[in-house]
Number of protein chains: 2
Amino acid sequence: MTPFGELWDRSLRNLLADAGRAALEDAGIDRVDSLLVGNMTAGMFVGQEHVGAMAADAMGLLGVPAARIESACASGAAALRLGFFEVASGAADLVMVCGVEKMNDVTDATDALAAASDREYEAYYGATFPSLYAMMARAHMEKYGTTVEQLNLVSIKAHRLGAKNPLAQFRREVTMKDVENSPMVAEPLRVMHCSPVTDGAAAVILCPLEKAKDFNARPVKIAGIGAATASLALHDRTDLCSLEAVRLAGQRAYEMAGRKPEDIDVAEVHDCFAIAEIMNIEALGFVPEGKGGPAVEAGETDLGGRIPVNMSGGLKSKGHPVGATGVAQVVEIYHQLRGESGERQVDGAKVGLAQNMGGTGASSVVHILEAI
Amino acid sequence: MTPFGELWDRSLRNLLADAGRAALEDAGIDRVDSLLVGNMTAGMFVGQEHVGAMAADAMGLLGVPAARIESACASGAAALRLGFFEVASGAADLVMVCGVEKMNDVTDATDALAAASDREYEAYYGATFPSLYAMMARAHMEKYGTTVEQLNLVSIKAHRLGAKNPLAQFRREVTMKDVENSPMVAEPLRVMHCSPVTDGAAAVILCPLEKAKDFNARPVKIAGIGAATASLALHDRTDLCSLEAVRLAGQRAYEMAGRKPEDIDVAEVHDCFAIAEIMNIEALGFVPEGKGGPAVEAGETDLGGRIPVNMSGGLKSKGHPVGATGVAQVVEIYHQLRGESGERQVDGAKVGLAQNMGGTGASSVVHILEAI
């Protein structure tokens, strides 16, 4: 994983090369059989499509089959899922999955991101992502009594952990006052409830389990994968408070892995906005529906809590280069399951979950990883 | 496959629904396990990413896992390749692969398409796709003696066959004079050597071979798949006249299928420009290197010739909705192998090949299909 942040001296091509070469070096190989790149919208951010071919070129992998996978902010995990199938099909032994986004070379990141919503029926009428998530937050507060203070606590936790992550964009703690005094973006969401605009990339290499020890003394197993969709537009959902695609994706991943929510030792969930972390821990079954806010307040999702969530600092503090996020989440879980996360380490973590989400939850992909 | 053309009354969403529902109806099913959508740049064309989720929504497949696959103009075939792996892995029994592009709602299609080239090192310096292919054509003419008349014959054949294709964008024959008198775009390429800007979509449904007869009395088998990359920028190639990614992709597909170029009864190749058809039939081994022009002149690639190429009318006459093209090529081969192509039918075709390409050949995907 590259450092996440405003990387003015790294282009899209540089980021691909940085993450890709680091992954190859870590695995001790100089070639893969196939390359998949998760990327949301290099077209709108830097005018570049054909990102798979660019990646192969930039990584010194010319000739290798390459394609880009997109599912808005869930692009990284969507790419990982398809890479898994490629290995599982027997067609490839070594597949690199890279996620990347270069967001800081564009004048209107909000417009590019709005391409993840329903352009015709949401964005054209003025809805932006902060406003869509603000509506979800309002509905959740109304239905379940979730409080602004609980939202604040999500961000405070994120920054406290992100401050310990050397690759995070914002390595500083924030106080309740900092959050309360940050500018309002879309009521009730303030700047400090919103993930930032970030450049970054991350890459992992997949291979059949029985061959993994040839490349890595302590590989991590992908035990479960689930993916699902819900309506593209928020107004088509039956319930604004429930992330149906996340619930379904989680259920499918648990089923494939033969696991239950109680088995998960550490999780990375998609906290593009503070309310999303609360809704996602509910949808994944870590807490009952409507109980996300109180769980955060009780410290259940903190380091040392019942179900530690976003030990990386989450999208809020680590940063959110949209197409890279899903892969970066898996990188965090990989290190957690190997006990390499330093001050952010969840003691004895053996089973981890990474949940990535697109738009207002129109798509989601969940991976369950296990130490072996 | 939808009609291809300037479809002012069909949006991106409509096209997805049209092709997807038609495919479901043809298979007699109302659900698939997974959906992959090939699309080059709905972001730059109509401001919409998250096209997989939109497709699931538009096709009435809410909940189904969905993602978009992009490899510039090879997006459709890149999606089909990954759909094949998903079925082959055992993770899914029914996978829909849809390709789509809505190109006529944008003011600057040339700029959106330039995202398939190397934006930093080609497009920013003024290179457009016609100019890049014009350089390839000039190099081919210089090295092998390929003539403008041979380029013209590619287009004349395309239009003669496309006139017989009820779904083609340009259903009219053109004469040598028509081609010669058409406006120059980038010397030596005239308008009549260039594929058009097109709206359209196509969809296929994949399943394990042993279950195919449950859905279709005469299914078609995917016998071989090959994919490869070459340098993103044209100036990085060792030879402007040779499409290395196509050669490699073809070689891999032949190997997987246990087939040779001589076994192919009918082929769809990526004729985004007339020179591309000539270079592709060389790269695929249908004719020796440098002999593409003379082969066209001798009628070898025509209906009734030794290796009939682009019986659909090709990208030139059928139209080229970039993300849909790779899937539409496979739709043509499917019908050819079932003997359903009417006046364009290649007698007794049993083995077909579809070759899709991105950019100036920085990526290519080849599928070999067989009647069973």
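What follows is a conversation about a predicted model of two chains, A and B.

Colleague: How do you know what confidence the predictor has in chain A?

Modeller: pLDDT is the predictor's confidence on a scale from 0 to 100. Chain A averages 97, and 100% of its residues score at least 70. Among its elements, helix α5 (residues 109–113) has the lowest mean, 95, and strand β8 (residues 266–268) the highest, 99. For the model, ipTM is 0.98 and pTM is 0.98.

Colleague: What makes the radius of gyration of chain A agree with that of a compact globule?

Modeller: The rule is 2.2 Å times the number of residues to the power 0.38. For 372 residues this gives a value near 21 Å; chain A has 19 Å, so the two agree. The C-alpha atoms of chain A fill a box of roughly 55 × 45 × 40 Å along the principal axes.

Colleague: How many of the residues of chain A are called buried, and by what rule?

Modeller: A residue is buried if 20 or more other C-beta atoms lie within 10 Å of its own. In chain A, 67% of the 372 residues are buried.

Colleague: What makes chains A and B related by a two-fold axis?

Modeller: Two copies of a chain are related by a rotation about an axis and a shift along it. Here the turn is 180 degrees, the shift is 0.0 Å, and chain A lies on chain B with an RMSD of 0.0 Å. That is the relation of a two-fold axis. In chain A, the C-alpha nearest this axis belongs to A:S89, at 1.9 Å.

Colleague: How do you know which residues of chain A touch chain B?

Modeller: Contact requires C-beta atoms within 7 Å. By that test, 46 residues of chain A are in contact with 46 residues of chain B. Elements giving two or more residues to this side of chain A include α3 (51–58), α4 (75–88) and β7 (220–229). The residues on this side divide into 26 nonpolar, 14 polar and 6 charged.

Colleague: Why do you say the copies meet through the same surface?

Modeller: Because 100% of the interface residues of chain A are also interface residues in chain B, the copies meet through the same surface.

Colleague: What makes β2(A) and β2 of chain B a pair of strands?

Modeller: Strands pair if DSSP finds at least two bridges between them. β2(A) and strand β2 (residues 66–70) of chain B have 3 bridges, in the antiparallel sense. The strands therefore meet the rule of at least two. In this pairing A:R68 stands opposite B:E70.

Conventions: Residues numbered from 1 in each chain as written. Chains lettered and ligands numbered in written order. Predicted model: local features only at pLDDT ≥ 70, side-chain atom pairs only at ≥ 80, totals over all residues. Helix = DSSP H or I, 4+ residues; strand = E, 2+ residues; numbered from the N terminus. Nonpolar A, V, L, I, M, F, W, Y, C, P; charged D, E, K, R; others polar. Least-squares fit on C-alpha atoms with pLDDT ≥ 70 in both. Buried ≥ 20, exposed ≤ 12 C-beta atoms within 10 Å, placed from the backbone.
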